[in-house]
Amino acid sequence: SEVLNDQNALFYTPEDFSDLCLKFELLLSDSEKRKRLAQQAQTDVQKYSWRERMQKILNAFGKAHV
């Protein structure tokens with residue numbers, strides 16, 4: 001839930017194969033939804049790059065030792 005949400009992923013009910021199939025059918029039939037989810041996921045994942053993570057660590061370390 002930290003990374004994935006309804007704006008960048010499509011969820012299905014765990015252990016419900018029928019629901020999983022429905023979600024695949026939805027994605028296969030709706031190219032705009034696929035594009036929106038993919039674009040948002042690409043944007044959102046940037047916050048979790050190694051560079052961003054290291055910057056957060058350095059910022060926290062700097063604040064702790066001021």
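**Exercise 1. Identify the residues that make the nonpolar surface patch of about 250 Å², and classify V3 by its accessibility.**

Solution. Step 1: The patch of about 250 Å² is made by V3, L4 and F11. Patches consist of residues with over 30% relative accessible area and no salt bridge, where like charges are joined within 9 Å and nonpolar side chains (Val, Leu, Ile, Met, Phe, Trp, Tyr) within 5 Å. Areas follow the Shrake-Rupley method with a 1.4 Å probe, and for residues only the protein chains shown count as cover.

Step 2: V3 lies in the segment before α1 (17-29); helices (H or I, at least four residues) and strands (E, at least two) are DSSP runs numbered from the N terminus.

Step 3: V3 has 35% relative accessibility and therefore counts as partly exposed. The classes are buried (under 20% relative accessible area), exposed (over 50%) and partly exposed in between, with a 1.4 Å probe and protein chains only.

**Exercise 2. State which helix has the lowest confidence and which the highest.**

Solution. Step 1: The model is predicted, so local features need pLDDT of at least 70 and side-chain atom pairs count only at pLDDT 80 or more, while totals for chains, interfaces and linings use all residues. Residues are numbered from 1 along each chain as its sequence is written, and side-chain values use heavy atoms, leaving out hydrogens and water.

Step 2: The chain averages a pLDDT (the predictor's confidence in each residue, from 0 to 100) of 93, and 97% of the residues score at least 70.

Step 3: Confidence is lowest in helix α3 (residues 50-64), with a mean of 89, and highest in α1, at 97.

**Exercise 3. Locate the 2 salt bridges of the structure and describe their partners.**

Solution. Step 1: Side chains of opposite charge can pair when their charged atoms come close. The criterion is a side-chain nitrogen of Lys or Arg within 4 Å of a carboxyl oxygen of Asp or Glu.

Step 2: D19 pairs with K23, their closest N and O atoms being 2.6 Å apart. These residues are 4 residues apart in helix α1, so about one helical turn separates them. D19 is buried, at 13% relative accessible area, whereas K23 is partly exposed at 22%.

Step 3: E32 and K35 form a salt bridge at 3.9 Å, N to O. They stand 3 residues apart in helix α2 (residues 31-45), about one helical turn. E32 is partly exposed at 46%, and K35 is partly exposed at 47%.

**Exercise 4. Which residues does D19 contact, leaving aside its neighbours within four places in sequence?**

Solution. Step 1: D19 is found in helix α1.

Step 2: With those neighbours set aside, D19 is in contact (heavy atoms within 4.5 Å) with Y12 and T13.
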